[in-house]
Amino acid sequence: MVAIANLQYGWTLFVQPISEKQGWARPEIQAAFTIFILAETWLVPLEGWVVDRFGPRLVVAFGGVLVGLAWTVNSFADSLILLYIGAALGGIGAGAVFGTCLGNALKWFPDRRGLAVGLTTAGFGMGSLFTIIPIQEVIADRGYQTAFLWFGLGQGIAVFVVAWLLRSPTTTDNGALHALPVHVRQSSRDYAPLEMLRSPMFWVLYMMFVLVAAGGLMAIAQLAPIAEDFKVADVPVSLLGLTLPALTFALMIDRVLNGITRPFCGWVSDHIGRETTMFIAFSLEAAGIWALWVYGHDPLLFVLLGGMVFFAWGEIASLFPATCADCFGTKFATTNAGLLYTAKGTASMLVPLASLVVIESGSWRDVFLAAAFMNVIAAVLAIAVLRPMRAAQDRPRPEPAAA
């Protein structure tokens, strides 16, 4: 998870250098990010199907090869087509790693599912923390192509090597589990993928995932351009005994909080319930996005509010997969969670649209307000729709009257 994090969270560092070097417009470059997310998410169900039948090792090793190849292609890309091909390769590789590791955590620890998935995906959320400054320095000193090449090869090799340590739990492993959390409802049976797709509850979860993911993806892909437009990117900010440019500081704090929130919110949801945790987190995300628009022109507040946005957003990587496994069982957990994860791909299609809106209007206002409103809707759906549906899922049905 750590080794694939830069493919998503490090992308924003390359957008402006690519634009300056190649002369391509931001929406054209950000289309590569959308392609990456689509490939990362929409193929996960297929990769999950393979994992559920043949185990995790080969799928993750294959992902490592593609992860290394993707940024190598980006380093030589002198056309948008090549940039898009690199994005697609990276998306397939990252999805193979992410979906497999997430599904494995769901299977290993059903008794502490939120915490386990949160700890696993924290590697993805925090993985780019220690490479933000090195990547920026390589881009400044040697060019973005060199950063793509050497970091890409390093990440791919790391994934390939570690892949062979993975395994799925056996019946013996699962026999030693603790009692299930009393605050979390879990389905009494396993739903096959096609059966899950026929459930209205799945589509409520899917809609919520799209609504929440869209705002966070916009922030991930556009944070550097937003900082440039707010005129705070290179302004020094002193905090916690450190002084760094506002954008660099924001990226570092965002990675820390984006990683911490995953196991933290997963652990909280194991104790107070998934829907309650979702309502709190999505409401906080809406408030953070709105505040970032209103107060983000101040460098210090840009850093702090950016951290708030990422803290409230990162939990989707633990809450949604855990809820999916709670609702639809463990046997097909990798495939089912992969089908739900395609919602992130659907949400990614709004990232280039956000760039176009900014170009047409000359302001980020509409983008920020729309993202905040979508989080409000998701928060309401968690309490008003998802919770009653889950309560009714395993409710005993009356026996037919005797003849």
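**Entry 1: Tyr9 and its partner**

I looked up Tyr9 and found a relative accessible area of 2%, so Tyr9 is buried. I note here that the model is a predicted one. I then turned to Phe124, which is also buried, with a relative accessible area of 1%.

How many aromatic pairs does a search of the whole structure find? I record 24 aromatic pairs from that search. Tyr9 and Phe124 form an aromatic pair, with 5.3 Å from centre to centre and 65° between the planes. I list this pair as edge-to-face, because planes over 60 degrees apart are counted that way. Tyr9 belongs to helix 1 and Phe124 to helix 7 (residues 113-126), so the pair ties together parts that are 115 residues apart in sequence.

I next examined the rings of Phe33 and Phe36: their centres are 6.5 Å apart and their planes stand at 35°, so I entered the pair as tilted. Both residues lie in helix 3 (residues 26-42), where they are 3 residues apart, about one turn of the helix. I found Phe33 buried, and Phe36 as well.

I also looked for a grouping of rings. Tyr9 and Phe124 belong to one aromatic cluster, together with Phe98, Phe209, Phe282, Phe320 and Tyr341.

**Entry 2: Trp11**

Where does Trp11 lie? I located Trp11 in the loop between helix 1 (5-9) and helix 2 (12-22). Is Trp11 buried or exposed? Its relative accessible area is 5%; the cut-off for buried is under 20%, so Trp11 counts as buried.

I listed the contacts of Trp11, leaving aside neighbours within four places in sequence: Asn6, Ile18, Ile29, Gln30, Ala32, Phe33, Leu83 and Phe148. Phe33, one of these contacts, is a member of the tilted pair with Phe36. With Gln30, I found a polar contact of 3.0 Å between the side chains. I also checked the distance from Trp11 to Ala224: the two are 213 residues apart in sequence, and their C-alpha atoms are 9.7 Å apart in space.

**Entry 3: The nonpolar core**

Which residues have the most contacts inside the largest nonpolar core? I noted Phe14 and Phe282, in a core of 117 residues. Helix 12 (residues 200-229) gives the most to this core, with 18 residues.

I followed Phe282 further. Beyond residues up to four places away in sequence, Phe282 touches Met208, Val212, Glu315, Ile316, Phe320, Asn375, Ala378 and Ala379. Phe320 is, like Phe282, a member of the aromatic cluster.

**Entry 4: Three residues in helices**

I looked up Thr323, which lies in helix 16 (residues 316-328). Its relative accessible area is 0%, and Thr323 is buried. Leaving out residues up to four places away in sequence, I found Thr323 touching Leu205, Arg274, Met278, Leu386 and Arg390.

Gly338 has its place in helix 17 (residues 333-348). I read a relative accessibility of 2% for Gly338, which therefore counts as buried. Which residues does Gly338 touch, not counting those up to four places away in sequence? I recorded Thr41, Val44 and Pro45. I also took the separation of Gly338 and Ala163: these residues are 175 residues apart along the chain, and 19 Å separates their C-alpha atoms.

I found Asn104 in helix 6 (residues 80-108). At 8% relative accessibility, Asn104 counts as buried. Apart from neighbours within four places in sequence, Asn104 is in contact with Pro56, Leu166, Arg167, Ser168, Pro169 and Thr334.

**Entry 5: The protein as a whole**

How many helices and strands are there in the protein? I counted 19 helices and 2 strands. I obtained a radius of gyration of 21 Å, close to the 22 Å that the globule rule gives for 403 residues, so the protein is as compact as a globular protein of that length. Along the principal axes, the C-alpha atoms fill a box of roughly 80 × 45 × 40 Å.

I noted that 59% of the 403 residues are buried. Of the contacts with a separation of 6 or more, 84% come from residues 24 or more positions apart. Finally, I recorded an exposed area of about 16300 Å² for the protein, with 70% of it supplied by carbon and sulfur atoms.

Conventions:
Residues are numbered from 1 along each chain as its sequence is written. Side-chain values use heavy atoms; hydrogens and water are left out. Helices (H or I, at least four residues) and strands (E, at least two) are DSSP runs, numbered from the N terminus. Buried means under 20% relative accessible area, exposed over 50%, partly exposed in between (1.4 Å probe, protein chains only). Contact means heavy atoms within 4.5 Å. A polar contact is a pair of N or O atoms within 3.5 Å; within protein, one must be able to donate a hydrogen and the other to accept it, and residues adjacent in sequence count only if both atoms are side-chain atoms. A nonpolar core is a set of buried Ala, Val, Leu, Ile, Met, Phe, Trp, Tyr and Cys residues joined through side-chain atoms within 4.5 Å. The radius of gyration is taken over C-alpha atoms; the globule rule is 2.2 Å times the number of residues to the power 0.38. Accessible areas come from the Shrake-Rupley method with a 1.4 Å probe; for residues, only the protein chains shown count as cover. Rings of Phe, Tyr and Trp (its six-membered ring) pair if their centres lie within 6.5 Å; planes under 30 degrees apart count as stacked, over 60 as edge-to-face and the rest as tilted.
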